Amino acid sequence: MHKSEASPRQFKNLLINPKFQLKLMGYFVALFCLTTISLYSTTFLFFYRMKEKALNVGIPEGHIFFKFLGNQKHDLDTLFVGLAAVNFLLLIGVGFIISHRIAGPIFKLKKQLGPDSTDSEGFKLRQTDFFQELEPLVKALKDKTK
């Protein structure tokens with residue numbers, strides 16, 4: 001394969017720019033935690049208020065309604081934890097892909113414009129990479145400096 005062609009995706013380097021990619025993933029995880037906590041707090045508050053309302057209308061504490069309410073909360077909690085785990089794994093996977101699509105072009109740009117660059121090297125991004133508009137700019141810059 002000629003150097004100017006885009007190489008197929010290889011996963012020998014899982015992290016192209018570890019500092020950037022891990023920081024981006026940290027933001028994703030923090031956002032996941034905040035949304036998960038707020039959603040769980042909403043369901044917790046719902047069941048707490050249902051219990052309060054039942055007590056206010058005169059349903060005694062040992063009534064079967066409270067056992068039913070507890071079972072429903074347990075079922076919802078189980079579903080919530082399962083969905084949160086699946087969503088977390090999806091978030092990590094998608095975050096990893098997105099971070100690669102950002103870090104890859106930046107890595108290639110640094111390599112192309114760095115001091116060890118040779119004029120024979122081409123700058124070609126994969127179709128799925130972000131910053132596709134960099135290709136013609138780098139080519140024009142290389143042509144200007146010749």
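**Accessibility and salt bridges, step by step**

Visitor: Why is Glu135 called buried?

Guide: In this predicted model, Glu135 has a relative accessibility of 15%, and because a residue counts as buried when its relative accessible area is under 20%, Glu135 belongs in that class.

Visitor: What makes the contact between Lys124 and Glu135 a salt bridge?

Guide: The rule asks for a side-chain nitrogen of Lys or Arg within 4 Å of a carboxyl oxygen of Asp or Glu, and the N to O distance for Lys124 and Glu135 is 3.6 Å, so the pair satisfies that rule. This pair links distant parts of the chain, since Lys124 sits in the loop between α2 and α3 (134–145) while Glu135 is in helix α3, eleven residues apart.

Visitor: Why does Lys124 count as partly exposed?

Guide: Its relative accessible area is 38%, and because the partly exposed class lies between the buried limit of 20% and the exposed limit of 50%, Lys124 falls into it.

Visitor: How do you know that Glu61 forms a salt bridge with Lys51?

Guide: The closest N and O atoms of Glu61 and Lys51 are 3.7 Å apart, which is again within the 4 Å that the rule allows. Glu61 lies in the loop between α1 (18–56) and α2, whereas Lys51 lies in helix α1, so the pair ties together parts that are ten residues apart in sequence.

Visitor: Is Glu61 called buried or exposed, and why?

Guide: Glu61 has a relative accessible area of 51%, and because exposed means over 50%, Glu61 is exposed. Its partner Lys51, at 35% relative accessibility, counts as partly exposed.

Visitor: What makes Lys73 and Asp77 a salt bridge?

Guide: Their closest N and O atoms are 2.9 Å apart, a distance within 4 Å, so the pair qualifies by the rule. Both residues lie in helix α2, four residues apart, which is about one turn of the helix. Lys73 is buried, with a relative accessible area of 18%, a value under the 20% limit.

Visitor: How many salt bridges does the rule give?

Guide: By this rule the count for the model comes to four, and the pairs described above are among them.

Visitor: What is to be noted about the phi of Phe131?

Guide: Phi of Phe131 is near 65°, a positive value in a residue other than glycine. Most residues other than glycine have a negative phi. Phe131 is found in the loop between α2 and α3, and with a relative accessible area of 34% it is partly exposed.

How values were computed: Residues numbered from 1 in each chain as written. Predicted model: local features only at pLDDT ≥ 70, side-chain atom pairs only at ≥ 80, totals over all residues. Heavy atoms only, no water. Helix = DSSP H or I, 4+ residues; strand = E, 2+ residues; numbered from the N terminus. Buried < 20%, exposed > 50% of the residue type's maximum accessible area, 1.4 Å probe, protein only.
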